Amino acid sequence: MKKIHIFGIGVIAIAIAIIVSTAGDASTYVNFSQAEELALNGNNGSIHVVGKLKKDAAGQIQEMAYKPELDPNYFEFTLLDNNQREQKVVYRSPKPQDFDKSEQVVVIGRMEKDHFEAEKILLKCPSKYNNEKLETTEYQAAQL
């Protein structure tokens, strides 16, 4: 066997190892109905749900609860997924900075009985330098 064949086999083995190791971290984008169905089927892996905050006609966020004087690590809000289903989301960390300015929110976590438990929140806010672009910021819940 030539050295070039051994080198090629080594490169292929490394590529397969990288693909296998990253495949476990990959999760899928679903809506809240699909997330609920996955939870009922026993799938407790992290999933992504994309949505928008529930706002009134004046643009004020509705159904948001954050009382840092009582519990700074409990933040609750309502998210509308792409199918317009409302779902309560609980994030067990402080409220992310610029949460009120976000145009779109991605929550990463799992569905519980009556709410979605978010481990991470990705906020897509309008860029302050370019009005057409959305700037993404990631926040992760504290480990308990």
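Q: Where does I6 sit?

A: I6 is in helix 1, which covers residues 3-23. One thing to keep in mind throughout is that this is a predicted model.

Q: And is I6 buried or exposed?

A: I6 counts as exposed, with a relative accessibility of 51%. The cut-off for exposed is over 50%.

Q: What sort of surface patch does I6 help make?

A: A nonpolar one. M1, I6 and I9 make that patch, and its area is about 370 Å².

Q: Let's zoom out. How many helices and strands are there in the protein?

A: The protein has two helices and eight strands.

Q: What pattern do they follow along the sequence?

A: Reading along the sequence, you get α-β-α-β-β-β-β-β-β-β.

Q: How much of the protein counts as buried?

A: Of its 144 residues, 30% count as buried.

Q: And what about the surface, how much area does the protein expose?

A: About 9800 Å² is exposed, and carbon and sulfur atoms supply 52% of that.

Q: What share of the contacts comes from residues 24 or more positions apart?

A: Take the contacts with a separation of 6 or more: residues 24 or more positions apart account for 46% of those.

Q: New topic: aromatic rings. How many aromatic pairs are there in the whole structure?

A: A search of the whole structure turns up five aromatic pairs. In one of them, the ring centres of Y66 and F75 are 5.7 Å apart and the planes sit at 90°, so that pair is edge-to-face.

Q: Are Y66 and F75 buried or partly exposed?

A: One of each. Y66 is partly exposed at 25% relative accessibility, while F75 is buried at 0%.

Q: What kind of pair do F75 and F99 form?

A: F75 and F99 are edge-to-face, with 4.9 Å from centre to centre and 85° between the planes. F75 lies in strand 4 (residues 75-81) and F99 in the loop between strand 5 and strand 6, so the pair ties together parts that are 24 residues apart in sequence.

Q: How accessible is F99?

A: F99 has a relative accessibility of 1%, which counts as buried.

Q: Which residues form the aromatic cluster with F75?

A: Y66, F77 and F99 join F75 in one aromatic cluster.

Q: OK, on to charges. How many salt bridges does the structure hold?

A: The structure has ten salt bridges. One of them links E86 with K54, where the closest N and O atoms are 3.2 Å apart.

Q: Which parts of the chain does the pair of E86 and K54 tie together?

A: E86 is in strand 5 (residues 86-91), and K54 is in the loop between strand 2 (47-53) and strand 3 (65-66), so the bridge ties together parts that are 32 residues apart in sequence.

Q: Is K54 buried or exposed?

A: K54 is buried, with a relative accessible area of 14%. Its partner E86 is partly exposed, at 42%.

Q: What about the salt bridge between R110 and E112, what is the N to O distance?

A: The distance is 3.0 Å, N to O, between the side chains of R110 and E112. R110 is partly exposed with a relative accessible area of 29%, and E112 is partly exposed too, at 31%. As for networks, salt bridges that share partners join K54, E63 and E86 into one.

Q: And which residue does D100 meet in a salt bridge?

A: D100 meets K95, with 3.2 Å from N to O. D100 is partly exposed at 43% relative accessibility, and K95 is partly exposed at 25%.

Q: How far is Q60 from D100?

A: In sequence, 40 residues; in space, 8.3 Å from C-alpha to C-alpha. Q60 is in the loop between strand 2 and strand 3. If you skip its neighbours within four places in sequence, Q60 is in contact with K54 and K55.

Q: Last one: where is H115?

A: H115 is in the loop between strand 6 (104-111) and strand 7 (116-126). H115 is buried, with a relative accessible area of 11%.

Q: What does the side chain of H115 make a polar contact with?

A: With the side chain of E117, at 2.8 Å. Leaving aside neighbours within four places in sequence, H115 is also in contact with Q87, K88, V90, R92 and R110.

Methods. Residues are numbered from 1 along each chain as its sequence is written. This is a predicted model: local features need pLDDT of at least 70, side-chain atom pairs count only at pLDDT 80 or more; totals for chains, interfaces and linings use all residues. Side-chain values use heavy atoms; hydrogens and water are left out. A salt bridge is a side-chain nitrogen of Lys or Arg within 4 Å of a carboxyl oxygen of Asp or Glu. Helices (H or I, at least four residues) and strands (E, at least two) are DSSP runs, numbered from the N terminus. Buried means under 20% relative accessible area, exposed over 50%, partly exposed in between (1.4 Å probe, protein chains only). Contact means heavy atoms within 4.5 Å. Accessible areas come from the Shrake-Rupley method with a 1.4 Å probe; for residues, only the protein chains shown count as cover. Patches are made of residues with over 30% relative accessible area and no salt bridge: like charges are joined within 9 Å, nonpolar side chains (Val, Leu, Ile, Met, Phe, Trp, Tyr) within 5 Å. A polar contact is a pair of N or O atoms within 3.5 Å; within protein, one must be able to donate a hydrogen and the other to accept it, and residues adjacent in sequence count only if both atoms are side-chain atoms. Rings of Phe, Tyr and Trp (its six-membered ring) pair if their centres lie within 6.5 Å; planes under 30 degrees apart count as stacked, over 60 as edge-to-face and the rest as tilted.
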